[in-house]
Amino acid sequence: MEQKLNREHLEQLGWDETRQEEFLEHETKGYDPARVTAEHRGGYIVRTETGDLRATVTGRALHDASGRGDLPAVGDWIALERLSDEEGIVRGILTRRSKFSRKVAWNETEEQIVAVNVDALFIVTSLNSDLSLRRIERYLTMAWESGAIPVVILTKSDLADHVAEAVAEVITIAPGVPVHAVSAVEGDGIDELGPYFEGAKTVALVGSSGTGKSTLINTLMGQETQLVKDIRSDDKGRHTTTHRELLMLPTGGLVIDTPGMRELQLWDGGEGLGTTFQDVESLVAGCRFNDCTHVTEPGCAVLAAIQDGSLPLERLESYRKLERELAYLARRQDQRAANAEKKKWKAITKSYRRSAHH
């Protein structure tokens, strides 16, 4: 009976038959399934059938990892070797069903995983001066690429005067994406978010600092967990989230809170760009020339749409900007891969020469 209850606890974390089948090879080695709920410097907090443990990865795993994406992240399901009731070692990572990543800040060409195994991504932006259609387009591009379903959440509706107009404006640049205006303070629109968590689904909240992510999570948690303490005079919450964390909601389902992002640099997004800008890409297909640059060419369907007002110039410029950013990133990633390959073979040659001399 105890084992049945424990398995039910795993199911509340999102465990299902498909994951159970994949885990069989690890189970034969005596490992336990666990889900990463938080990441701290030097280790992880993971939740098992029987409770939380601290977990680390081996030095070998760190050495073999080609990048940050090869290591556990918040939301991952792992195979855990227990060392005691409090500690364990990560022995494997189960297949990720979704992965929301961004490029690390500055000039490094390195992936930073924000959340994995997420069913829906709440793109959170407030209805005050923070509202930016261009930023939402960027988040949508990355959300569609991640494999999760994007949902736009417009917070602080109790402080806004033109909520319906703002929702309509966002809908124009988010075709097929649900858009919800909510007020965590008044409770408006919160009930509409319930279905996204049904069936032990996982939702991650992403957005800039001060948009109300933590306040929204407080509301979803029934105020049991105070993640944000008060509101500043400029209507922005005091941002207290400093690391990603997976939380179980009292009503069922899971939520990942993430630190506010000052900048969101694309990591990957070819397909996501096409999905976000379906209107632009359908026009591109109608241009007379296959290599049309949409600047001066005759028979350009994109320019015609700009001229008749059916496509806003700002949207085309946003599409071009993200397209250029992805092209530049692809070149940097190719160069990084080439350098890594060169370094690997250099090490192999050096090792071979050393062994040959002996």
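Leaving aside neighbours within four places in sequence, L121 is in contact with F100, A143, S146, A148, I149, P150, V151, A204 and V206 in this predicted model. Some of these partners can be placed on named elements: A143 and S146 fall within the range of α4 (133–146), I149, P150 and V151 within that of β9 (149–155), and A204 and V206 within that of β11 (202–206). L121 itself sits in the stretch assigned to β8 (120–126).

That contact list fits into a bigger picture. The largest nonpolar core runs to 38 residues, and L121 is listed with L140 and V152 as having the most contacts inside it. Quite a few elements chip in: β4 (77–82), β7 (111–116), β8, α4, β9, α5 (163–173), β11 and β13 (254–257) each supply at least two residues of this core. The biggest giver is α4, with six residues. Apart from this core lies another one, made up of 19 residues, and F122, V151, L247 and V255 are among them. So much for the cores; the chain as a whole comes next.

The protein chain holds ten helices and 13 strands. Of its 358 residues, 46% are buried. Taking contacts between residues at least 6 apart in sequence, 66% join residues at least 24 apart.

L246 gives a concrete case of such long-range contact. This residue belongs to strand β12 (residues 245–248), and its relative accessibility is 4%, under the 20% cut-off, so L246 counts as buried. Not counting residues up to four places away in sequence, L246 touches R35, V36, T37, V74, T202, L254, V255 and I256. V255, one of these partners, is also a member of the 19-residue core. The C-alpha atom of L246 is separated by 6.7 Å from that of G75, although the two residues are 171 apart along the chain.

Aromatic rings tell a related story. Searching the whole structure turns up five aromatic pairs. One of them joins F122 and F197 in an edge-to-face arrangement, with 5.9 Å centre to centre and 80° between the planes. Since F122 lies in strand β8 and F197 in the loop between β10 (179–181) and β11, the pair ties together parts that are 75 residues apart in sequence. Both partners are out of reach of solvent by the burial criterion: F122 is buried, with a relative accessible area of 0%, and F197 counts as buried at 4% relative accessibility. F122 also shows up among the residues of the 19-residue core. Elsewhere, W15, F23 and W77 form one aromatic cluster.Now for the empty space. Rolling a probe the size of a water molecule over the atoms shows where empty space is left. The count comes to two cavities of 30 Å³ or more. The second largest has about 40 Å³ of space, and its lining consists of I123, V124, T125, D130, R135, I136, Y139, G207, S208 and T211. By class, that makes four nonpolar, four polar and two charged residues. Both β8 and α4 supply at least two residues of this lining, and the two elements each supply at least two residues of the largest nonpolar core as well.

A couple of backbone angles are worth a look. Most residues other than glycine have a negative phi. K156, however, has a positive phi, near 60°. K156 is found in the loop between β9 and α5, and at 12% relative accessibility it counts as buried. H294 likewise has a positive phi of about 60° although it is not a glycine. Its place is in the loop between α8 (278–284) and α9 (301–308), where H294 counts as buried at 11% relative accessibility.

The loop between β9 and α5 also holds H162. With a relative accessible area of 54%, over the 50% cut-off, H162 is exposed, whereas K156 in that loop is buried. The C-alpha atoms of H162 and L127 are separated by 8.8 Å, and the two residues are 35 apart along the chain.

Technical notes:
Residues are numbered from 1 along each chain as its sequence is written. This is a predicted model: local features need pLDDT of at least 70, side-chain atom pairs count only at pLDDT 80 or more; totals for chains, interfaces and linings use all residues. Side-chain values use heavy atoms; hydrogens and water are left out. A nonpolar core is a set of buried Ala, Val, Leu, Ile, Met, Phe, Trp, Tyr and Cys residues joined through side-chain atoms within 4.5 Å. Buried means under 20% relative accessible area, exposed over 50%, partly exposed in between (1.4 Å probe, protein chains only). Helices (H or I, at least four residues) and strands (E, at least two) are DSSP runs, numbered from the N terminus. Contact means heavy atoms within 4.5 Å. On a 1 Å grid over the protein atoms alone, a cavity is a set of points where a 1.4 Å probe fits but cannot get out, and a pocket is an open set with protein on both sides within 12 Å along at least five of seven lines; lining residues have an atom within 4 Å of a point. Grid points are joined across faces, edges and corners, and a volume is the space filled by probe spheres set on the points. Ala, Val, Leu, Ile, Met, Phe, Trp, Tyr, Cys and Pro count as nonpolar, Asp, Glu, Lys and Arg as charged, and the others, Gly among them, as polar. Rings of Phe, Tyr and Trp (its six-membered ring) pair if their centres lie within 6.5 Å; planes under 30 degrees apart count as stacked, over 60 as edge-to-face and the rest as tilted.
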